[in-house]
Amino acid sequence: MADNKFFCRMYENEFPKVDDVVMVNVRQIADMGAYVKLLEYGDREGMILLSELSRRRIRSVQKLIRVGRDEVVVVLRVDEEKGYIDLSKRRVTPEDIIKCEEKYKKSKQVHSILRHVAEKNDIALKTLYETIGWPLYKKYGHAYDAFKMAILDTDAIFNGIDISKELLDELLSIIKRRMTPQPVKIRAQLDIRCTGIDGVNAIKNALKAGEQVGDEDVPVKITYLAAPFYVVTVDSLDKEQGFQIIEKAIEAIKTTLDQHSWTRFKVEKEAKVVSDSDDRDFAALLAQAEKENELVSGDEDEGDGVAASDDDM
C-alpha cells in the first residue's frame, strides 16, 4: 500500500509528536490492547494499551472500542527507529476530540482534492504535497484555510508555489467546486389568524413586514401553506446570521399583526436548519396543499354557477 503512487501521509512529519492528538481507525483488538492505524500519517500502525482505554475499570473492551471505528487518541510514546507508536484514549479531553475532529475533517478535504489532481494528471500524490500541500500547511497553519482563501485571492496564496498554470487552474476549479460555501436553509412555521375587519390586509401587511427584514444576501421568503399556516424561509451562508434574521422577521410579523384587533399569532414550528430530506417533504406538502386549494376553488366556482342558475330561474 505504501508503494501506491497516489497514497501519502497528510502532514510533512512522518511521525506524530508526543502529546499530539490524532485520528486513528481500530484494526484489531488483542490481549494487550487495540491495534490501530493513524489515518493522518499514512496508516502507520499504533497501539492503545488496555490500561489507556479508560479511566474507569474495564468490564467490556467491546463497549469502549470497536474494530472499524475511528477514535481520537493522544500520542504517549514514539520510537521512530522501531516504528512503535503508543497511544491513549483515556487521556483525551472533550475539547481535544472537538479540535481533532475539526482538523481531521479539514485535512481529509485537502487530501481528497490533492489526490483527485494527482490521479487525473498521473502525478505522485507525495509530489503534490511536497510542492503545494506542505508549504501551505507551513505558511497558513492548515492547507484547508489556504485553499479557502485562494477562492478570493489566488495570486496571494499561491505566490512562490512551484506549480504550472494548467495544474493551478485545475486545482482552483476543484477547490471552488468543493469548498465554495453553500447557503443553509432555515425554516419556521407560523399560525396566523385575523378575524377582525380588513383581516386579509392585516395579514398581508404583517407578512410584508417580515419579508422586508431580509435583504439580497439573506432573503426572507414567506409561503402560504394552508389556512392558517404560513412558512418563513431564510437562506444564508452564515447559519448564526440566518437564525438572527428569521427571528427578526417573525418578530416583525407579530409586531405588525398586534396593531390590529382580533388577531392570533403562534409559532407552530420553531426555526430550524432544513435538510435535503426536510426540503423534499416540504415540497411534497406544498404540492398537496396547492392541489387541495385548487379543489376547494373548483367547488366554489361550481357552487356559484348553480346559485346563478337558480336565481335565473
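Isoleucine 186 faces valine 273 of strand 9 across the sheet pairing, in what is a predicted model of the protein chain. Strand 6, which spans residues 184-194, is joined to strand 9 by 8 bridges, and the two strands run antiparallel.

**The sheet and the helix on it**

Strand 6 and strand 9 belong to an open sheet of 4 strands, whose order is 7-8-6-9 and whose pairing is antiparallel. The edges of this sheet are formed by strand 7 (220-226) and strand 9 (263-273), each of which pairs on one side only. From one strand to the next, the twist averages 20°. Helix 8, made of residues 239-257, packs on the sheet and touches strand 6, strand 7, strand 8 (229-236) and strand 9, while the direction of helix 8 makes about 175° with that of strand 9. As general background, the strands of a sheet pair through backbone hydrogen bonds, and the pairing may be either parallel or antiparallel.

The elements that take part in this arrangement are listed below.

| Element | Residues |
|---|---|
| Strand 6 | 184-194 |
| Strand 7 | 220-226 |
| Strand 8 | 229-236 |
| Strand 9 | 263-273 |
| Helix 8 | 239-257 |

**A pair of packed helices**

A packed pair of helices is described by the angle between the two axes together with the distance between them. For helix 4 (residues 143-150) and helix 6 (residues 165-179), the angle is about 95° and the axes lie 9 Å apart. Because angles of 65 to 115 degrees count as roughly perpendicular, helix 4 and helix 6 are described as roughly perpendicular to each other. On the side of helix 4 the contact involves Tyr144, Phe147, Lys148 and Ala150, which meet Leu171, Leu172, Ile175 and Met179 of helix 6. The residues of this contact divide into 7 nonpolar, no polar and 1 charged.

**Cysteines and the chain as a whole**

The structure holds 0 disulfides. Burial is assigned to residues under 20% relative accessible area, so cysteine 100, with a value of 3%, is buried, and cysteine 194, at 13% relative accessibility, likewise counts as buried.

Taken over the protein chain, the secondary structure comes to 9 helices and 9 strands. The chain has 313 residues, of which 37% count as buried. Where contacts in the chain link residues at least 6 apart in sequence, 65% of those contacts join residues at least 24 apart.

Terms used:
Residues numbered from 1 in each chain as written. Predicted model: local features only at pLDDT ≥ 70, side-chain atom pairs only at ≥ 80, totals over all residues. Heavy atoms only, no water. Axes fitted to C-alpha atoms, helices over the stretch in contact; angles between N-to-C directions. Parallel < 35°, antiparallel > 145°, perpendicular 65-115°, else oblique. Contact = heavy atoms within 4.5 Å. Nonpolar A, V, L, I, M, F, W, Y, C, P; charged D, E, K, R; others polar. Disulfide = S-S within 2.5 Å. Buried < 20%, exposed > 50% of the residue type's maximum accessible area, 1.4 Å probe, protein only. Pairing = 2+ DSSP bridges.
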